[in-house]
Amino acid sequence: MKSIKDFLEFIKFEHTIFALPFAYLGMVLAANGWPAWVQFFWITIAMASARTLAMGTNRIADRWIDSQNPRTANRPLIQGTISVRTAVFGTIISGIVLAIAAWQLGPFTFKLLPGAYLFLIGYSFTKRFTWLSHFILGFTDGLAVMGAWAAIRGSLFTYDDLPAWILLATVTLWIGGFDIIYACQDVQFDRQNGLQSIPARFGIPFALRLSSLCHFLTVLLLMGLGLFLGYSWLYWIGMAIIVALLIWEHLLVKPDDLSNINIAFFNINGYISITLFLSILGSIYLY
């Protein structure tokens, strides 16, 4: 039991609650409401295992980097509270569980699995060679929307699948934008160790302006989605809340004061993901 507890701490399992709405967005949009409970179950398993695979890979791949960075030196793998062997074993198991879930969700979803593996495993290495890593992370998170949509609809490439692509772009910009903010706290370390990020490459003031632009575009895409689907007043109330939360997020972080990054990164974006999911779900039933 201690090994399981240590592994859950290693991957920050509690943050899965923040990530689940991504998949659920695609799920309820594709089903135009709540899907069959068996689909909900396997989409939940797929999302949790995908995040575990991605986070486990990230922690294992970055363990040398994390050991050198004072901000991350207290992580379980660095402190020895979990062994590399346990971390690798748990990460492999999560990849197997993801394959089982994809298979249960249908042949089309299973065919998409190699692409999912590529991004879930590969994105952790992108900061070694490109400052676009923030958007690759956002795209990887956005694949949860596409996977859930594909599980319900069995398609991705028709006109009717356009909402899934809008949400993919939305999540890519939203996650990419706040990952840029998060990376601001590691500028000096990244520069000294040859790691790529937008704050390290272009400076913190530029990075925060670019993050604001990403989130402005996020709002425009969400407005376009609401108009395209003809959603009700509930969706637009949710949109107003999301805009307010994004403004709050950017007011909390300044080039000369990064002390509130964790509040902006975890708390506010958690509120945004839940608000977006509930506003879309509510609008579907009021439509």
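Is G26 buried or exposed? G26 counts as buried, at 0% relative accessibility. The legends below describe this glycine and other sites in a predicted model.

**Figure 1. The whole protein is built from helices, with 15 helices and 0 strands.** The C-alpha trace spans about 50 × 40 × 30 Å along its principal axes. A compact globule with 287 residues would have a radius of gyration near 19 Å, and the protein agrees with this because its own value is 19 Å. Of the 287 residues, 53% count as buried. The protein exposes about 13,400 Å², and carbon and sulfur atoms supply 70% of that area. Among contacts between residues at least 6 apart in sequence, 72% join residues at least 24 apart.

**Figure 2. Close-up of G26 in helix 2.** Helix 2 covers residues 16-31. G26 has a relative accessibility of 0%, which is under the 20% cut-off, and therefore counts as buried. Leaving aside residues up to four places away in sequence, G26 touches V145, A148 and W149. The view also includes A150, which is 124 residues from G26 in sequence. The C-alpha atoms of G26 and A150 are 8.4 Å apart in space.

**Figure 3. Close-up of N32 in the loop between helix 2 and helix 3.** Helix 3 is formed by residues 37-61. N32 has a relative accessible area of 54%, which is over the 50% cut-off, so N32 is exposed. The backbone is also shown in this view. Most residues other than glycine have a negative phi. Phi of N32 is near 55°, a positive value in a residue other than glycine.

**Figure 4. Close-up of R59 in helix 3.** R59 has a relative accessible area of 11% and is therefore buried. P76 lies 17 residues from R59 along the chain. The C-alpha atoms of R59 and P76 are separated by 9.4 Å.

**Figure 5. Close-up of H215 in helix 13.** With a relative accessible area of 2%, H215 is buried. Not counting residues up to four places away in sequence, H215 touches L173, W174, G177, F178 and I181, as well as L246, E249 and H250. Two of these contacts, W174 and L246, reappear in the next view, where W174 and L246 belong to the lining of the largest cavity.

**Figure 6. Close-up of the largest cavity, which holds about 50 Å³ of space.** A search of the whole structure finds 1 cavity of 30 Å³ or more. The lining consists of T170, W174, T218, V219, L222, I242, L246, I272 and L276. The elements that give two or more residues to this lining are helix 10 (162-183), helix 13 (204-229), helix 14 (233-252) and helix 15 (261-286). Helix 13 provides the largest share of the lining, 3 residues. By residue type, the lining divides into 7 nonpolar, 2 polar and no charged residues. Helix 13 is also the place of H215, the residue of the preceding view.

Technical notes. Residues numbered from 1 in each chain as written. Predicted model: local features only at pLDDT ≥ 70, side-chain atom pairs only at ≥ 80, totals over all residues. Heavy atoms only, no water. 1 Å grid on protein atoms, 1.4 Å probe; cavity = no way out; pocket = protein on both sides within 12 Å on 5 of 7 lines; lining within 4 Å. Points joined across faces, edges and corners; volume = space filled by probe spheres on them. Helix = DSSP H or I, 4+ residues; strand = E, 2+ residues; numbered from the N terminus. Nonpolar A, V, L, I, M, F, W, Y, C, P; charged D, E, K, R; others polar. Rg over C-alpha atoms; globule rule 2.2 N^0.38 Å. Buried < 20%, exposed > 50% of the residue type's maximum accessible area, 1.4 Å probe, protein only. Contact = heavy atoms within 4.5 Å. Areas by Shrake-Rupley, 256 points an atom, 1.4 Å probe, with all protein chains shown as cover.
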